[in-house]
Structure formats: C-alpha cells, structure tokens
Amino acid sequence: MKTRTHQTRAGAWLEAAELLFDAKSPIYNLILEVEQPGLATPESRAIEARVDGFLKEWDCQPIQTVADTIFPATEYIAGGLKQLYEYPETIYPHIKSITANSKGTYALRLVRRNCSDKSTMNPLDTLIDKLKAELKRKTSGPMKAIYELDMGMEPLELKFYEAEIDHGNHRSGQCLSHVSLKLGPNRELYLTALYRYQYFVQKTIGNLKGLARLQECIAREVGIPTGPLVCHATLAALESGKGAKEPAWGRQGLAVLIDDCKKIREQYRLKAVA
C-alpha cells in the first residue's frame, strides 16, 4: 500500500504520478488524500491545464468531461438539485446516442436507480434527506458513519456498480465501485471513493474533480463544510498508451508530461519563497 497526501487535487495527482512512473508498473492500493478538495490554486490550475493539454493532444477525453460523468456540475449550478435530477431525461439521452452507452454513466446512477419491484429511486436525494434528518437530531448527536454511496444492493446507497449490468466488465466499463460519506468531528463531510482500477493519465484528475463537486454539492445542500477527500485505487496504473485502443504516447511521453508538471510545481514554490 502507498499513500500520498496533498492540499489540492492536482498536487496529490502529481505526487502519485511520480511514484507510479518510478515504479514502472501498476501499484496495488494507492491511496490519495486531498485535504481541501474544492481548492484551486494558480499552481494546481497550471498543472491541470498541462494535463488537459496532453489529453487533448492525444484525442482523449478532457478533464471536464471525465468529471461530468461523475457529477454534472453545469446542471447543478444552473438549476440546483431540480435540474440535476432531470439529468436522465435531458443529458443522458444525448450521451447515449453519440457513444452507444447502454450501461449508463456514474451521474445517471447517482440520481436514478431501478429497484427490483420495477420502481425507481433517487439515491442522491435519499442520501441528502438522510443527512438532513440526522443533523436535526436533538436527543443525541448525528450518527457519523451511515452514509454510503455504495455499488451494492442496500436501499440507502448511491449505487455505481450494478451487478446485473457490470458483472462481465473487464478493463472497460465502470471502475468506481463505492463512495462512503462520513461526518467529521466538527460535522464536516468526509468522502472516500473506492476504485477497482484507475488510469492515472486519462482519468484520475477528472475523477477527483467530479468527486470533489459531488462532495461539495451534498455538503452545501445539508449546510455543512467539506472535509478531506480520499481516493483509494485498489489497482493504479500510469498507462503508457500501448493498449489496443489507446494512443501510444509511451514512457517517453509520460516522462515529458511529469517533468513539465514538476517544473510548474517548482516555479510556484520559488515564487512562494521569493
């Protein structure tokens, strides 16, 4: 197991990318802690921009697109929870039509779940209501560890893994398996995400951004601050792009990307000292 902690999403990503590059192979149980998941500094923005440029150069999904598959922030900003909850009718049909995506996005599973009795439920709405009710408890303090956005079958979980749909997945398909929410000692909202496999070039920064926005949305709706965000990849890979369907940037391309991001980090450290 390896762990890395940083104040920002991009900072945590870069430290993990350096570790993976030096390892020259995937790492089991790589855990990142982002202390302030909503924080964007000039340094973190510059690192994200460099990674985004690399992804666009190789015709990969940009960071924003990856983030939106977890949490469509534009919908929430424009119309709050009401517009977010309309995602299955307003946004997903378009995604499905251009990608032939029949398994759904994380965002779809976040706000709509098909139950065994053929009815549907909104897992995110249920979770927010549950948190609000707990925070109003007067006889004792709110329970801290009952808020799971799980991929299993419990009725109060936010489900990203659907056994009937996803059981045949190999490398493609859903990688986010579970999201756990906790109330911290000062009623701040902690979020921990568990990934079965994570691509650190093409997906991780976008994943962290989407998770941070989901965390911020829930905290805002229930009226509490956000705490740290933890992302646990049970298998993490700094992919070189040598797969059959991947652009082949190779180890040399990885070296250039990481060196550029390290230079950005050093530039801002020097500015801070000056």
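A residue counts as buried when its relative accessible area is under 20%, and that cut-off will help you through the views below. Please keep in mind that the model is predicted.

**Figure 1. The whole chain, with its helices and strands.**
Let's start with an overview. The chain has 274 residues, and 50% of them count as buried. Its secondary structure comes to 11 helices and 9 strands. Take the contacts between residues at least 6 apart in sequence: 66% of these join residues at least 24 apart. The accessible surface is about 13,600 Å², with 53% of that area belonging to carbon and sulfur atoms.

**Figure 2. Strand β6 and its hairpin partner, β7.**
How many of the 8 residues of strand β6 are buried? The count is 7, so strand β6, which spans residues 176-183, is mostly covered by the cut-off of under 20% relative accessible area. Strand β7 covers residues 189-195 and runs antiparallel to β6, with 7 bridges joining the two. To find one of these pairings, look for His 178, whose bridge partner in β7 is Leu 194. The two strands form a hairpin with 5 residues between them. In that turn, have a look at Arg 187, which has a positive phi of about 65°.

**Figure 3. Strand β9 and the strands that pair with it.**
Strand β9 runs through residues 226-237 and is mostly covered, with 10 of its 12 residues buried. Which strand pairs with β9 in the antiparallel sense over 7 bridges? That is β2, and here Ile 27 stands opposite Ala 236 of β9. Strand β7, met in the previous view, pairs with β9 in the parallel sense over 6 bridges. A handy landmark for this pairing is Leu 191, which has Leu 229 in β9 as its bridge partner. Strand β8 takes in residues 198-199 and also pairs with β9 in the parallel sense, over 2 bridges. Here, Tyr 199 has Ala 237 of β9 as its bridge partner. As a general aid when you look along any of these strands, side chains in a regular strand alternate between the two faces of the sheet.

**Figure 4. Helix α8 and its buried side.**
Helix α8 is made up of 13 residues, 123-135. From its first C-alpha to its last it reaches 18 Å, close to the 18 Å expected at 1.5 Å a residue. Which residues of α8 are buried? They are Pro 123, Leu 124, Leu 127, Ile 128, Leu 131, Glu 134 and Leu 135. These residues lie on the same side of α8, because they cover an arc of only 135° around the axis.

**Figure 5. The loop around Ala 40.**
Ala 40 sits in the loop that links β2 (27-34) to α2 (42-57). Is Ala 40 buried or partly exposed? Its relative accessibility is 32%, so Ala 40 counts as partly exposed. Now look for Thr 8: Ala 40 and Thr 8 are 32 residues apart in sequence, and their C-alpha atoms are 6.9 Å apart in space.

**Figure 6. Two buried cysteines, Cys 60 and Cys 231.**
If you are checking for disulfides, a search of the whole structure finds 0. Cys 60 has a relative accessible area of 11%, so this residue is buried. Cys 231 is buried too, with a relative accessible area of 1%.

Key. Residues are numbered from 1 along each chain as its sequence is written. This is a predicted model: local features need pLDDT of at least 70, side-chain atom pairs count only at pLDDT 80 or more; totals for chains, interfaces and linings use all residues. Side-chain values use heavy atoms; hydrogens and water are left out. Helices (H or I, at least four residues) and strands (E, at least two) are DSSP runs, numbered from the N terminus. Buried means under 20% relative accessible area, exposed over 50%, partly exposed in between (1.4 Å probe, protein chains only). Contact means heavy atoms within 4.5 Å. Accessible areas come from the Shrake-Rupley method with a 1.4 Å probe; for residues, only the protein chains shown count as cover. Two strands pair if DSSP finds at least two bridges between them. A disulfide is a pair of cysteine sulfur atoms within 2.5 Å. The expected span of a helix is 1.5 Å times one less than its number of residues. The arc is that of the directions from the helix axis to the C-beta atoms.
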